[in-house]
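Me: I'd like to go through the pockets of this model with you and then look at the ligand. Could you keep the answers plain?

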Amino acid sequence: MKQLNVGILGLGTVGGGTYTVLKRNAEEMARRTGVNIKVTHVADKNIERANALTQGEVNVTDDAFALVENPEVDVVVELIGGYGVAKDLVLKAIANKKHVVTANKALIALHGNEIFSAAQKMGVMVAYEAAVAGGIPIIKALREGLGANRIEWIAGIINGTTNFILTEMREKGLAYQDVIGEAQRLGYAEADPTFDVEGIDAAHKLVIMSAIAFGMPLKFDEVYTEGITQLAQADIQYAKELGYIVKLLGITKLTDKGVELRVHPTLIPEKRLVANVDGAMNAVVVQGDAVGPTLYYGAGAGAEPTASAVIADLIDVARLKDATITQRAPALGYQADQVQDLTVLPIAEINSAYYLRMYATDKPGVIASVTKILADRGISIDAVIQKEQPSDTTETDMVVLTNKTVEKNMNAAITEIEALAAVTGNVIKLRMETLG
Ligand code: HSE
(Lines give C-alpha, C1' and ligand atoms only; values in the text may rest on other atoms or scores of the structure.)
Protein backbone atom coordinates (compact mmCIF):
# COMPACT_ATOMS: atom_id res chain seq x y z
CA MET A 1 0.00 0.00 0.00
CA LYS A 2 1.18 3.54 -0.78
CA GLN A 3 2.16 5.66 2.20
CA LEU A 4 1.64 9.38 2.83
CA ASN A 5 4.37 10.66 5.16
CA VAL A 6 2.98 13.31 7.46
CA GLY A 7 5.09 15.82 9.38
CA ILE A 8 3.31 17.61 12.22
CA LEU A 9 4.48 21.02 13.41
CA GLY A 10 3.28 21.47 16.99
CA LEU A 11 2.11 18.56 19.11
CA GLY A 12 -0.11 20.54 21.49
CA THR A 13 -3.84 20.01 21.96
CA VAL A 14 -4.79 19.70 18.28
CA GLY A 15 -1.48 18.09 17.26
CA GLY A 16 -1.84 15.50 20.00
CA GLY A 17 -5.46 14.85 18.99
CA THR A 18 -4.43 14.47 15.36
CA TYR A 19 -1.70 11.99 16.22
CA THR A 20 -4.03 9.96 18.44
CA VAL A 21 -6.95 9.81 16.00
CA LEU A 22 -4.70 9.04 13.02
CA LYS A 23 -3.25 6.11 14.92
CA ARG A 24 -6.57 4.88 16.29
CA ASN A 25 -8.41 5.03 12.95
CA ALA A 26 -5.50 4.22 10.60
CA GLU A 27 -7.19 1.12 9.25
CA GLU A 28 -10.43 2.97 8.53
CA MET A 29 -8.58 5.66 6.63
CA ALA A 30 -6.57 3.12 4.65
CA ARG A 31 -9.87 1.46 3.64
CA ARG A 32 -11.17 4.83 2.49
CA THR A 33 -8.10 6.07 0.61
CA GLY A 34 -6.00 3.03 -0.24
CA VAL A 35 -3.13 4.97 1.33
CA ASN A 36 -1.39 4.48 4.66
CA ILE A 37 -1.54 7.99 6.17
CA LYS A 38 1.28 7.91 8.69
CA VAL A 39 2.88 10.48 10.95
CA THR A 40 6.58 10.00 10.34
CA HIS A 41 7.94 13.29 11.70
CA VAL A 42 7.02 15.69 14.48
CA ALA A 43 8.55 19.04 15.42
CA ASP A 44 7.82 20.47 18.83
CA LYS A 45 9.78 22.66 21.21
CA ASN A 46 8.71 20.34 24.00
CA ILE A 47 10.64 17.22 22.98
CA GLU A 48 9.74 15.35 26.17
CA ARG A 49 6.01 15.83 25.59
CA ALA A 50 6.38 14.76 21.94
CA ASN A 51 8.40 11.66 22.85
CA ALA A 52 5.92 10.70 25.56
CA LEU A 53 3.06 10.74 23.06
CA THR A 54 4.81 9.17 20.10
CA GLN A 55 6.71 6.49 22.05
CA GLY A 56 9.66 6.30 19.66
CA GLU A 57 7.41 5.59 16.65
CA VAL A 58 8.23 8.84 14.79
CA ASN A 59 11.20 11.13 14.27
CA VAL A 60 10.95 13.93 16.82
CA THR A 61 12.84 17.19 16.48
CA ASP A 62 12.67 20.67 17.98
CA ASP A 63 13.72 22.14 14.64
CA ALA A 64 10.55 22.90 12.67
CA PHE A 65 12.52 24.33 9.74
CA ALA A 66 14.42 21.06 9.40
CA LEU A 67 11.10 19.21 9.19
CA VAL A 68 9.75 21.37 6.35
CA GLU A 69 13.02 20.82 4.45
CA ASN A 70 13.02 17.06 5.00
CA PRO A 71 12.63 15.21 1.67
CA GLU A 72 10.93 12.26 3.41
CA VAL A 73 7.92 14.40 4.43
CA ASP A 74 5.08 14.57 1.85
CA VAL A 75 2.68 16.79 3.75
CA VAL A 76 3.27 19.32 6.53
CA VAL A 77 0.54 19.79 9.14
CA GLU A 78 0.95 23.24 10.70
CA LEU A 79 -0.57 23.34 14.18
CA ILE A 80 1.62 26.02 15.75
CA GLY A 81 -0.82 28.90 15.35
CA GLY A 82 -0.26 32.64 14.96
CA TYR A 83 1.15 34.32 11.89
CA GLY A 84 4.84 34.76 12.72
CA VAL A 85 6.94 31.65 12.43
CA ALA A 86 3.92 29.65 11.23
CA LYS A 87 3.79 31.76 8.06
CA ASP A 88 7.51 31.30 7.37
CA LEU A 89 7.19 27.54 7.88
CA VAL A 90 4.16 27.19 5.63
CA LEU A 91 5.79 29.21 2.84
CA LYS A 92 8.99 27.21 3.22
CA ALA A 93 7.06 23.93 3.05
CA ILE A 94 5.32 25.11 -0.12
CA ALA A 95 8.63 26.21 -1.63
CA ASN A 96 9.85 22.67 -0.93
CA LYS A 97 6.84 21.34 -2.89
CA LYS A 98 5.12 19.92 0.15
CA HIS A 99 1.36 19.92 0.60
CA VAL A 100 0.19 21.80 3.67
CA VAL A 101 -2.67 21.20 6.06
CA THR A 102 -3.31 23.88 8.66
CA ALA A 103 -5.79 24.66 11.42
CA ASN A 104 -4.50 28.22 11.57
CA LYS A 105 -7.44 30.60 11.00
CA ALA A 106 -5.42 33.74 11.73
CA LEU A 107 -2.76 32.74 9.20
CA ILE A 108 -5.28 31.99 6.45
CA ALA A 109 -7.39 35.07 7.21
CA LEU A 110 -4.43 37.45 7.07
CA HIS A 111 -2.04 35.77 4.63
CA GLY A 112 -4.19 33.27 2.75
CA ASN A 113 -4.03 35.21 -0.54
CA GLU A 114 -0.21 35.07 -0.56
CA ILE A 115 -0.10 31.46 0.64
CA PHE A 116 -2.64 30.19 -1.93
CA SER A 117 -0.84 31.99 -4.71
CA ALA A 118 2.49 30.42 -3.69
CA ALA A 119 0.84 26.98 -3.52
CA GLN A 120 -0.75 27.44 -6.96
CA LYS A 121 2.67 28.24 -8.44
CA MET A 122 4.25 25.17 -6.84
CA GLY A 123 1.31 22.85 -7.69
CA VAL A 124 0.69 21.85 -4.08
CA MET A 125 -2.44 21.81 -1.93
CA VAL A 126 -3.09 24.01 1.10
CA ALA A 127 -6.02 22.62 3.06
CA TYR A 128 -7.59 24.38 6.05
CA GLU A 129 -10.84 22.66 7.05
CA ALA A 130 -9.92 22.90 10.75
CA ALA A 131 -9.48 26.67 10.55
CA VAL A 132 -13.23 27.35 10.67
CA ALA A 133 -15.66 25.92 13.21
CA GLY A 134 -13.38 23.08 14.36
CA GLY A 135 -14.91 19.73 13.54
CA ILE A 136 -17.77 21.03 11.38
CA PRO A 137 -16.91 20.35 7.71
CA ILE A 138 -18.04 23.80 6.62
CA ILE A 139 -15.19 24.44 4.17
CA LYS A 140 -16.03 21.21 2.33
CA ALA A 141 -19.72 22.12 2.36
CA LEU A 142 -19.17 25.62 0.97
CA ARG A 143 -16.47 24.70 -1.51
CA GLU A 144 -17.87 21.45 -2.81
CA GLY A 145 -21.24 20.36 -1.43
CA LEU A 146 -22.91 23.69 -2.23
CA GLY A 147 -21.00 24.22 -5.49
CA ALA A 148 -24.22 24.38 -7.53
CA ASN A 149 -25.49 27.42 -5.62
CA ARG A 150 -25.04 31.12 -5.60
CA ILE A 151 -24.42 31.63 -1.92
CA GLU A 152 -26.59 34.51 -0.69
CA TRP A 153 -25.55 34.77 2.93
CA ILE A 154 -23.88 33.00 5.81
CA ALA A 155 -24.49 33.55 9.51
CA GLY A 156 -22.53 31.61 12.08
CA ILE A 157 -21.87 31.11 15.74
CA ILE A 158 -18.18 30.52 15.14
CA ASN A 159 -16.60 31.25 18.49
CA GLY A 160 -17.26 28.77 21.27
CA THR A 161 -15.86 30.95 24.05
CA THR A 162 -18.30 33.79 23.47
CA ASN A 163 -21.18 31.41 22.90
CA PHE A 164 -20.43 29.81 26.26
CA ILE A 165 -20.27 33.23 27.94
CA LEU A 166 -23.53 34.43 26.36
CA THR A 167 -25.29 31.20 27.31
CA GLU A 168 -24.18 31.57 30.93
CA MET A 169 -25.21 35.23 30.98
CA ARG A 170 -28.67 34.40 29.65
CA GLU A 171 -29.36 31.28 31.68
CA LYS A 172 -27.78 32.27 35.00
CA GLY A 173 -28.21 36.03 34.83
CA LEU A 174 -24.46 36.51 35.34
CA ALA A 175 -22.47 39.54 34.19
CA TYR A 176 -19.81 39.19 31.50
CA GLN A 177 -16.99 39.66 34.05
CA ASP A 178 -18.32 36.75 36.11
CA VAL A 179 -18.15 34.28 33.22
CA ILE A 180 -14.96 35.02 31.28
CA GLY A 181 -12.74 33.41 33.92
CA GLU A 182 -14.76 30.20 33.76
CA ALA A 183 -14.46 30.10 29.94
CA GLN A 184 -10.69 30.40 30.26
CA ARG A 185 -10.54 27.67 32.90
CA LEU A 186 -12.50 25.33 30.63
CA GLY A 187 -9.89 25.85 27.92
CA TYR A 188 -12.17 27.25 25.20
CA ALA A 189 -10.47 30.63 24.94
CA GLU A 190 -7.56 31.59 22.70
CA ALA A 191 -4.15 32.19 24.31
CA ASP A 192 -5.13 35.85 24.16
CA PRO A 193 -8.84 35.80 25.11
CA THR A 194 -9.36 39.28 23.68
CA PHE A 195 -9.30 37.51 20.30
CA ASP A 196 -12.44 35.68 21.42
CA VAL A 197 -14.37 38.35 23.31
CA GLU A 198 -13.60 41.19 20.88
CA GLY A 199 -14.79 39.11 17.92
CA ILE A 200 -11.38 38.83 16.21
CA ASP A 201 -11.35 35.02 16.21
CA ALA A 202 -14.83 35.01 14.68
CA ALA A 203 -13.69 37.60 12.12
CA HIS A 204 -10.81 35.32 11.09
CA LYS A 205 -13.26 32.48 10.45
CA LEU A 206 -15.90 34.68 8.81
CA VAL A 207 -13.53 36.17 6.26
CA ILE A 208 -12.44 32.68 5.22
CA MET A 209 -16.06 31.60 4.71
CA SER A 210 -16.95 34.75 2.75
CA ALA A 211 -13.99 34.30 0.41
CA ILE A 212 -15.11 30.75 -0.40
CA ALA A 213 -18.78 31.63 -0.58
CA PHE A 214 -18.44 34.52 -3.01
CA GLY A 215 -15.12 33.77 -4.74
CA MET A 216 -13.39 36.90 -3.45
CA PRO A 217 -9.95 37.50 -1.92
CA LEU A 218 -9.59 37.32 1.86
CA LYS A 219 -10.18 40.83 3.22
CA PHE A 220 -9.64 40.51 6.93
CA ASP A 221 -8.90 44.24 7.39
CA GLU A 222 -12.37 45.08 6.11
CA VAL A 223 -14.39 42.96 8.53
CA TYR A 224 -16.44 45.07 10.95
CA THR A 225 -15.75 43.56 14.36
CA GLU A 226 -17.62 44.19 17.59
CA GLY A 227 -17.28 41.81 20.54
CA ILE A 228 -19.36 41.09 23.60
CA THR A 229 -17.45 43.02 26.27
CA GLN A 230 -19.91 45.92 26.23
CA LEU A 231 -23.00 43.74 26.21
CA ALA A 232 -25.22 44.37 29.24
CA GLN A 233 -27.13 41.69 31.10
CA ALA A 234 -30.27 43.87 30.79
CA ASP A 235 -30.22 43.65 26.99
CA ILE A 236 -29.91 39.87 27.01
CA GLN A 237 -32.92 39.64 29.33
CA TYR A 238 -35.06 42.24 27.47
CA ALA A 239 -34.31 40.43 24.21
CA LYS A 240 -35.45 37.19 25.82
CA GLU A 241 -38.70 38.79 26.96
CA LEU A 242 -39.29 39.84 23.35
CA GLY A 243 -38.62 36.34 22.00
CA TYR A 244 -35.02 36.83 20.89
CA ILE A 245 -31.68 35.30 21.86
CA VAL A 246 -28.46 37.32 21.65
CA LYS A 247 -25.61 35.53 19.88
CA LEU A 248 -22.22 36.71 18.63
CA LEU A 249 -22.74 36.12 14.91
CA GLY A 250 -20.38 36.32 11.99
CA ILE A 251 -22.52 37.50 9.08
CA THR A 252 -21.65 37.85 5.43
CA LYS A 253 -24.11 38.72 2.68
CA LEU A 254 -23.79 39.37 -1.01
CA THR A 255 -25.91 42.42 -1.89
CA ASP A 256 -26.33 44.56 -5.02
CA LYS A 257 -24.08 47.19 -3.43
CA GLY A 258 -21.33 44.90 -2.19
CA VAL A 259 -20.50 42.36 0.47
CA GLU A 260 -21.52 42.75 4.11
CA LEU A 261 -18.83 41.33 6.37
CA ARG A 262 -19.50 41.79 10.06
CA VAL A 263 -19.15 40.24 13.50
CA HIS A 264 -21.30 41.58 16.34
CA PRO A 265 -23.80 40.59 19.03
CA THR A 266 -27.07 39.92 17.22
CA LEU A 267 -30.66 39.30 18.29
CA ILE A 268 -32.12 36.26 16.54
CA PRO A 269 -35.65 34.85 16.97
CA GLU A 270 -35.61 32.12 19.61
CA LYS A 271 -37.59 29.81 17.32
CA ARG A 272 -34.63 29.47 14.94
CA LEU A 273 -32.63 26.28 15.45
CA VAL A 274 -29.41 28.27 15.53
CA ALA A 275 -30.71 30.38 18.43
CA ASN A 276 -30.68 27.21 20.52
CA VAL A 277 -27.03 26.37 19.92
CA ASP A 278 -25.67 26.84 23.41
CA GLY A 279 -22.49 26.45 25.41
CA ALA A 280 -19.26 26.20 23.46
CA MET A 281 -20.90 24.63 20.37
CA ASN A 282 -20.70 26.22 16.92
CA ALA A 283 -23.25 26.41 14.12
CA VAL A 284 -23.30 27.93 10.66
CA VAL A 285 -26.34 28.72 8.51
CA VAL A 286 -25.69 29.00 4.78
CA GLN A 287 -28.35 30.26 2.38
CA GLY A 288 -27.92 29.08 -1.21
CA ASP A 289 -30.21 30.10 -4.06
CA ALA A 290 -31.00 26.49 -5.01
CA VAL A 291 -30.80 24.62 -1.73
CA GLY A 292 -32.29 27.33 0.54
CA PRO A 293 -31.09 27.50 4.13
CA THR A 294 -28.77 24.77 5.42
CA LEU A 295 -27.47 24.39 8.96
CA TYR A 296 -24.19 22.88 10.15
CA TYR A 297 -23.70 22.18 13.85
CA GLY A 298 -20.94 20.70 15.97
CA ALA A 299 -17.94 21.21 18.21
CA GLY A 300 -15.96 24.27 17.15
CA ALA A 301 -12.88 23.46 19.21
CA GLY A 302 -11.21 20.68 21.15
CA ALA A 303 -8.50 18.14 20.42
CA GLU A 304 -10.36 15.38 18.57
CA PRO A 305 -13.10 17.46 16.87
CA THR A 306 -10.40 19.68 15.37
CA ALA A 307 -8.28 16.63 14.57
CA SER A 308 -11.28 15.25 12.67
CA ALA A 309 -11.08 18.24 10.31
CA VAL A 310 -7.28 18.11 10.02
CA ILE A 311 -7.43 14.43 9.07
CA ALA A 312 -10.22 15.01 6.55
CA ASP A 313 -7.74 17.31 4.80
CA LEU A 314 -5.05 14.64 4.97
CA ILE A 315 -7.47 12.22 3.32
CA ASP A 316 -7.96 14.76 0.50
CA VAL A 317 -4.20 15.09 0.13
CA ALA A 318 -3.80 11.30 0.09
CA ARG A 319 -6.42 10.99 -2.66
CA LEU A 320 -5.42 13.99 -4.74
CA LYS A 321 -1.72 14.55 -4.37
CA ASP A 322 -1.00 12.93 -7.73
CA ALA A 323 -3.94 14.67 -9.44
CA THR A 324 -3.53 17.73 -11.64
CA ILE A 325 -4.42 21.19 -10.31
CA THR A 326 -7.66 21.20 -12.33
CA GLN A 327 -8.75 17.91 -10.76
CA ARG A 328 -8.46 19.34 -7.25
CA ALA A 329 -10.86 21.79 -5.58
CA PRO A 330 -9.26 25.26 -5.88
CA ALA A 331 -8.12 26.83 -2.60
CA LEU A 332 -11.09 29.21 -2.47
CA GLY A 333 -13.45 26.95 -4.40
CA TYR A 334 -13.24 29.18 -7.50
CA GLN A 335 -10.61 28.98 -10.22
CA ALA A 336 -7.76 31.28 -9.18
CA ASP A 337 -8.29 33.60 -12.18
CA GLN A 338 -12.02 33.83 -11.39
CA VAL A 339 -11.61 35.20 -7.86
CA GLN A 340 -13.24 38.66 -7.96
CA ASP A 341 -12.26 41.70 -5.94
CA LEU A 342 -15.74 42.47 -4.56
CA THR A 343 -16.36 45.65 -2.56
CA VAL A 344 -16.87 45.20 1.17
CA LEU A 345 -19.51 47.60 2.46
CA PRO A 346 -18.59 49.89 5.38
CA ILE A 347 -20.78 49.18 8.42
CA ALA A 348 -22.72 52.44 7.87
CA GLU A 349 -23.99 50.99 4.57
CA ILE A 350 -25.27 47.64 5.82
CA ASN A 351 -28.95 46.86 6.10
CA SER A 352 -30.30 45.57 9.38
CA ALA A 353 -33.19 45.57 11.81
CA TYR A 354 -32.37 47.02 15.24
CA TYR A 355 -32.97 46.72 18.96
CA LEU A 356 -32.71 50.08 20.73
CA ARG A 357 -32.70 50.64 24.47
CA MET A 358 -32.89 54.07 26.02
CA TYR A 359 -33.29 55.42 29.51
CA ALA A 360 -36.16 57.88 29.33
CA THR A 361 -38.46 59.90 31.58
CA ASP A 362 -41.72 58.06 32.07
CA LYS A 363 -44.21 60.75 31.02
CA PRO A 364 -46.79 61.17 28.26
CA GLY A 365 -45.42 61.96 24.82
CA VAL A 366 -41.94 60.41 25.16
CA ILE A 367 -42.77 57.26 23.20
CA ALA A 368 -44.48 59.45 20.60
CA SER A 369 -41.35 61.65 20.25
CA VAL A 370 -39.12 58.62 19.73
CA THR A 371 -41.43 56.91 17.27
CA LYS A 372 -41.85 60.15 15.31
CA ILE A 373 -38.06 60.46 14.85
CA LEU A 374 -37.97 56.91 13.51
CA ALA A 375 -41.06 57.39 11.32
CA ASP A 376 -39.66 60.60 9.80
CA ARG A 377 -36.67 58.55 8.66
CA GLY A 378 -38.85 55.83 7.18
CA ILE A 379 -37.95 53.35 9.92
CA SER A 380 -40.93 51.22 10.86
CA ILE A 381 -41.35 49.87 14.36
CA ASP A 382 -41.91 46.25 15.22
CA ALA A 383 -42.38 46.50 18.99
CA VAL A 384 -42.05 48.98 21.87
CA ILE A 385 -41.84 48.11 25.53
CA GLN A 386 -41.50 50.40 28.48
CA LYS A 387 -40.28 48.78 31.65
CA GLU A 388 -42.04 49.42 34.92
CA GLN A 389 -40.68 52.56 36.56
CA PRO A 390 -38.59 51.88 39.67
CA SER A 391 -40.10 53.64 42.75
CA ASP A 392 -37.08 55.88 43.41
CA THR A 393 -36.87 57.53 39.97
CA THR A 394 -39.01 59.02 37.22
CA GLU A 395 -36.96 57.36 34.49
CA THR A 396 -37.15 53.88 33.08
CA ASP A 397 -35.84 51.66 30.27
CA MET A 398 -37.66 51.81 26.97
CA VAL A 399 -36.92 49.22 24.27
CA VAL A 400 -37.79 49.60 20.59
CA LEU A 401 -37.46 46.93 17.89
CA THR A 402 -37.36 48.29 14.36
CA ASN A 403 -37.63 46.85 10.89
CA LYS A 404 -34.73 47.03 8.47
CA THR A 405 -32.97 50.22 7.47
CA VAL A 406 -29.52 51.31 6.35
CA GLU A 407 -27.28 51.65 9.40
CA LYS A 408 -26.36 55.29 8.74
CA ASN A 409 -30.06 56.16 8.76
CA MET A 410 -30.46 54.44 12.12
CA ASN A 411 -27.38 56.22 13.48
CA ALA A 412 -28.82 59.59 12.47
CA ALA A 413 -32.12 58.72 14.19
CA ILE A 414 -30.25 57.71 17.34
CA THR A 415 -28.43 61.06 17.40
CA GLU A 416 -31.82 62.80 17.33
CA ILE A 417 -33.25 60.51 20.03
CA GLU A 418 -30.26 61.16 22.29
CA ALA A 419 -30.86 64.91 21.89
CA LEU A 420 -34.39 64.62 23.36
CA ALA A 421 -34.60 66.20 26.83
CA ALA A 422 -36.51 63.17 28.09
CA VAL A 423 -33.72 60.73 27.15
CA THR A 424 -30.71 60.33 29.44
CA GLY A 425 -27.35 59.05 28.19
CA ASN A 426 -26.67 57.01 25.08
CA VAL A 427 -29.06 54.79 23.19
CA ILE A 428 -27.90 51.16 23.18
CA LYS A 429 -28.09 49.72 19.66
CA LEU A 430 -27.96 46.02 18.78
CA ARG A 431 -28.54 44.54 15.33
CA MET A 432 -31.23 41.91 14.68
CA GLU A 433 -31.41 39.20 12.01
CA THR A 434 -34.43 37.04 11.26
CA LEU A 435 -32.30 34.43 9.42
CA GLY A 436 -35.48 33.53 7.58
N1 HSE B 1 -11.10 30.13 20.84
C2 HSE B 1 -11.81 29.47 19.80
C3 HSE B 1 -13.27 29.39 20.19
C4 HSE B 1 -11.24 28.09 19.58
O5 HSE B 1 -13.60 29.73 21.34
O6 HSE B 1 -14.10 29.04 19.37
C7 HSE B 1 -11.59 27.47 18.27
O8 HSE B 1 -11.20 28.23 17.17
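Me: Which residues lie nearest the centre of the second largest pocket, and how many residues line it?
Reply: Bear in mind throughout that this is a predicted model. The second largest pocket has a lining of 26 residues, and those nearest its centre are Phe116, Gln120, Pro330, Ala331 and Leu332.

Me: Which element gives the largest share of that second pocket's lining?
Reply: That is α6, which contributes 5 residues, the largest share of the lining of the second largest pocket. At least two residues each come from α6, β6 (126–127), α7 (138–145) and α13 (303–320).

Me: What's the volume of the second largest pocket, and how does its lining divide by class?
Reply: The second largest pocket holds about 520 Å³ of space, and its lining is made up of 16 nonpolar, 5 polar and 5 charged residues.

Me: OK, switching to the ligand: which pocket does it take up?
Reply: The ligand occupies the space of the largest pocket, whose volume is about 970 Å³. That pocket is lined by 41 residues, with Val14, Lys105, Ala189, Glu190 and Ala191 lying nearest its centre.

Me: And which elements supply at least two residues each to the lining of the largest pocket?
Reply: They are α1 (13–24), α6 (105–122), α8, α10 (194–197) and α11. By class, the lining of the largest pocket divides into 17 nonpolar, 16 polar and 8 charged residues.

Me: Which residues are around the ligand itself?
Reply: The residues around the ligand are Lys105, Asn159, Gly160, Thr161, Tyr188, Ala189, Glu190, Asp196, Asp201, Lys205, Gly300 and Ala301. In terms of class, this shell consists of 3 nonpolar, 4 polar and 5 charged residues.

Me: Which ligand atom does the Glu190 side chain approach, a nitrogen or an oxygen?
Reply: A nitrogen atom of the ligand lies 2.6 Å from a polar side-chain atom of Glu190. For Thr161, a polar side-chain atom is 2.6 Å from an oxygen atom of the ligand, and an N or O atom in the side chain of Lys205 is 2.8 Å from a ligand oxygen atom.

Me: How much of the ligand's accessible area does the protein cover?
Reply: On its own the ligand has 260 Å² of accessible area, and the protein covers 90% of that.

Me: Last one: which elements give two or more residues to the shell around the ligand?
Reply: Those elements are α8 (160–172) and α11 (200–214).

Terms used: Residues numbered from 1 in each chain as written. Predicted model: local features only at pLDDT ≥ 70, side-chain atom pairs only at ≥ 80, totals over all residues. Heavy atoms only, no water. Near = heavy atom within 4 Å. Polar contact = N/O pair within 3.5 Å; in protein donor to acceptor, adjacent residues only side chain to side chain. Areas by Shrake-Rupley, 256 points an atom, 1.4 Å probe, with all protein chains shown as cover. 1 Å grid on protein atoms, 1.4 Å probe; cavity = no way out; pocket = protein on both sides within 12 Å on 5 of 7 lines; lining within 4 Å. Sits in = over half its atoms within 2 Å of the grid points. Helix = DSSP H or I, 4+ residues; strand = E, 2+ residues; numbered from the N terminus. Nonpolar A, V, L, I, M, F, W, Y, C, P; charged D, E, K, R; others polar. Points joined across faces, edges and corners; volume = space filled by probe spheres on them.
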